[in-house]
Amino acid sequence: MPDPDVMALRELVTELIALPAANRYLAGLVSGLELRYELPGGHPLLGRALPDLDPTLLHAGRAVVLEAGERARYPGDQVPGYGWGDEALLVRPDGRVGWVDDGYEPLADALTRWT
């Protein structure tokens with residue numbers, strides 16, 4: 001016989017999964033996409049998977065600098081119109097953001113850590 005508490009929980013989770021925001025959140029938890037590594041600095045992208053990252057931008061086993069701004073400030077790939085603003089990012093080989101050009105730390109220090 002199913003436990004009434006388990007049945008109530010099942011019904012609640014079923015209702016939550018029907019909500020798009022809850023579904024996205026739960027999928028992120030299960031897949032690990034919502035996982036955030038604690039890294040120095042306060043930018044909201046640090047330690048997170050870069051949303052909608054084109055995997056072809058990542059180089060095999062190496063961190064890569066991506067910029068979305070109008071002009072390149074660092075050696076790396078220009079990705080015009082990308083949705084993170086005009087900051088330059090260092091994306092680790094696992095697709096997580098390891099550095100943001102927000103004035104907290106020089107790129108050279110981040111490159112030493114991640115390459």
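Is Glu67 buried or exposed? Select Glu67 to begin: Glu67 is buried, at a relative accessible area of 2%. The model on screen is predicted.

**Stop 1: the charged network**

Keep Glu67 selected and add Arg73. The two form a salt bridge, and their closest N and O atoms lie 3.2 Å apart. Arg73 has 35% relative accessibility and counts as partly exposed.

Now add Asp101. Arg73 also forms a salt bridge with Asp101, where the closest N and O atoms are 3.1 Å apart. Arg73 sits in the loop between strand 1 and strand 2, and Asp101 in the loop between strand 4 and helix 3, so this pair ties together parts that are 28 residues apart in sequence. With the three residues displayed together, Glu67, Arg73 and Asp101 can be followed as a linked network of salt bridges.

**Stop 2: the remaining pair**

The model has three salt bridges in total. For another one, select Arg92 and Asp94, whose side chains meet in a salt bridge with an N to O distance of 2.6 Å. Arg92 is buried, with a relative accessible area of 9%, whereas Asp94 is partly exposed at 46%.

**Stop 3: the sheet**

Switch to a cartoon view and display the strands. They make an open sheet of four strands in the order 2-1-3-4, with mixed pairing. Strand 2 (77-78) and strand 4 are the edge strands, each pairing on one side only.

Next select helix 3, residues 107-114. Helix 3 packs on the sheet and touches strand 1 (64-67), strand 3 and strand 4. The direction of helix 3 makes about 165 degrees with that of strand 4.

**Stop 4: the hairpin**

Select residues 88-91 and 97-100. These are strand 3 and strand 4, which pair in the antiparallel sense over three bridges. Show side chains to locate two facing pairs. Leu89 stands opposite Val100 in strand 4, and Val91 has Val97 of strand 4 as its bridge partner.

Then move to the connection. Five residues lie between the strands of this hairpin. Within the hairpin, select Gly95, which takes a positive phi near 85 degrees.

**Stop 5: the nonpolar patch**

Which residues make the nonpolar surface patch of about 910 Å²? Select Leu9, Leu12, Val13, Leu16, Ile17, Leu19, Tyr25, Leu26, Leu29 and Val30, and show their surface. Helix 1 (4-17) and helix 2 (20-31) are the elements that give two or more residues to the patch. Colour the patch by element: helix 1 gives the most, with five residues.

End on Leu19. This residue is found in the loop between helix 1 and helix 2. Leu19 is partly exposed, with a relative accessible area of 47%. Patch members need over 30% relative accessible area, a cut-off that the 47% of Leu19 can be read against.

Note on methods: Residues are numbered from 1 along each chain as its sequence is written. This is a predicted model: local features need pLDDT of at least 70, side-chain atom pairs count only at pLDDT 80 or more; totals for chains, interfaces and linings use all residues. Side-chain values use heavy atoms; hydrogens and water are left out. Two strands pair if DSSP finds at least two bridges between them. Patches are made of residues with over 30% relative accessible area and no salt bridge: like charges are joined within 9 Å, nonpolar side chains (Val, Leu, Ile, Met, Phe, Trp, Tyr) within 5 Å. Accessible areas come from the Shrake-Rupley method with a 1.4 Å probe; for residues, only the protein chains shown count as cover. A salt bridge is a side-chain nitrogen of Lys or Arg within 4 Å of a carboxyl oxygen of Asp or Glu. Buried means under 20% relative accessible area, exposed over 50%, partly exposed in between (1.4 Å probe, protein chains only). Contact means heavy atoms within 4.5 Å. Axes are lines fitted to C-alpha atoms, for helices over the stretch in contact, and angles run from 0 to 180 degrees between N-to-C directions.
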